[in-house]
Each structure stands twice: as C-alpha cells, then as structure tokens.
Amino acid sequence: MTHYFAYEDDFGVHVLDVEDLWELAKGVPVTTMSIEQAVADVGDSYNYYDSSDWEKVLNSDTSYPVITFGPNDNAIMDGYHRVANLMMRGFKNVRIQALYSLPEPIAEFSSWEEYEASGLL
C-alpha cells in the first residue's frame, strides 16, 4: 500500500511518496527530539484517529526513526504512529532523521479540497 505525505505552501498542496522520503533519509544521521516537541508538532491529529489508526500505533515499529523536515526538525513527515506509540509507553525522546531537502512531489494540487477529491488519500 502506498503511503503519502502532503503539505501546503504558497504554491499549493504537494504530495510526496513516503518511500521517497525513506530513500532520501538513507545515510542521514539519527538524532533525538523530546517527545513533548514531537507531540506538539503532530498537533491535534490524534484527536481524529479511528480504531484502525490506533491499531497502527500499537503495531508501529519504533526501531525506525521519525523523519522530520526543517532547520528546527519541526515538521514530522513520517512517524506519527511511532510518536504516539512512544508517548503511550512513557518514552522521553524520539529518534529522528532531519531532512533539509525534499524529493519531487508525485502530485500537486491547488487546494486541500482538490487533493481530497483526487482519490490519493
């Protein structure tokens, strides 16, 4: 199953294949971020999780680092379920790989509504 990460900027909504993020993260040093910062970065996303999401949290493989983007490692692109798993188990830190460039988007849209209507979700 293909897994996507989407983000919005002044030019629209850009959709990335998470496997492209994994490829880009190969060789990137692993550092840590506090679990509090990681949870804050996720925002209220967990409030919208359904039972299948919580099953993914419980089954997530926390041996893989979370992939972030930005100079402050403040945008989680892959690893929401792992962050929730670690938080629930009382961990104080999460292992991360911070990217400072992005792969080419697999799709681009003018709005979130257009992306949601595309069927990629």
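**Entry 1: the acidic surface**

I began with Glu-113, which I found in helix α5, in what I should record at the outset is a predicted model. Glu-113 has a relative accessible area of 57%, and it counts as exposed because that value is over 50%. I then asked which residues form the negative surface patch. I noted Glu-8, Asp-9 and Asp-10, together with Glu-104, Glu-108, Glu-113 and Glu-116. When I looked up where these residues come from, I found that β1, residues 4-9, and α5, residues 112-117, each supply at least two residues of the negative patch.

**Entry 2: salt bridges**

I next asked how many salt bridges a search of the whole structure finds. The search returned 2. In one of them, the side chain of Glu-23 meets that of Lys-26, with 3.1 Å from N to O. I checked the cover on both partners: Lys-26 is exposed, at a relative accessible area of 60%, whereas Glu-23 is partly exposed, at 49% relative accessibility.

The side chains of Asp-78 and Arg-82 also meet in a salt bridge, again listed at 3.1 Å from N to O. Are Asp-78 and Arg-82 buried or exposed? I found that Asp-78 is buried and that Arg-82 is buried as well. As a general reminder to myself, side chains of opposite charge can pair when their charged atoms come close.

**Entry 3: the two sides of α2**

I turned to helix α2, which covers residues 35-42, and noted that Ile-35, Ala-38 and Val-42 are buried there. Why do they belong on the same side of α2? They cover an arc of only 60° around the axis, and this puts them on the same side of the helix. The spacing fits a general rule, for an α-helix has 3.6 residues a turn, so residues three or four places apart point the same way. On the other side of α2 I found Glu-36 and Ala-40, both of which are exposed.

**Entry 4: the nonpolar surface**

I looked up the nonpolar surface patch and recorded an area of about 390 Å², made by Trp-54, Leu-58, Met-87 and Met-88. Helix α3, residues 51-59, and helix α4, residues 80-88, each supply at least two residues of this nonpolar patch. I took Met-88 for a separate check: Met-88 sits in helix α4 and is partly exposed, with a relative accessible area of 47%.

**Entry 5: single residues and distances**

I placed Met-77 in strand β5, which runs over residues 75-78. Met-77 has 4% relative accessibility, and it counts as buried because that value is under 20%. I then looked up its separation from Tyr-4, and found that the C-alpha atoms of Met-77 and Tyr-4 are 9.2 Å apart, although their positions lie 73 residues apart along the chain as a sequence separation.

I found Val-30 in strand β3, residues 30-34, and noted that Val-30 is partly exposed at 41% relative accessibility. What separates the C-alpha atoms of Val-30 and Ala-40? The distance is 20 Å, for a separation of 10 residues along the chain. Ala-40 is one of the exposed residues that I had already recorded on α2.

My last check was on Pro-29, which lies in the loop between α1, residues 18-25, and β3. Pro-29 is exposed, with a relative accessible area of 61%. From Pro-29 to Ser-63 I noted 15 Å in space, C-alpha to C-alpha, with the two residues 34 apart in sequence.

Technical notes: Residues numbered from 1 in each chain as written. Predicted model: local features only at pLDDT ≥ 70, side-chain atom pairs only at ≥ 80, totals over all residues. Heavy atoms only, no water. Patch = residues over 30% accessible without salt bridge, like charges linked within 9 Å, V, L, I, M, F, W, Y side chains within 5 Å. Areas by Shrake-Rupley, 256 points an atom, 1.4 Å probe, with all protein chains shown as cover. Salt bridge = Lys/Arg side-chain N within 4 Å of Asp/Glu carboxyl O. Lys, Arg positive; Asp, Glu negative; His and termini not counted. Charge placed at Lys NZ, Arg CZ, Asp CG, Glu CD. Helix = DSSP H or I, 4+ residues; strand = E, 2+ residues; numbered from the N terminus. Buried < 20%, exposed > 50% of the residue type's maximum accessible area, 1.4 Å probe, protein only. Arc of directions from axis to C-beta.
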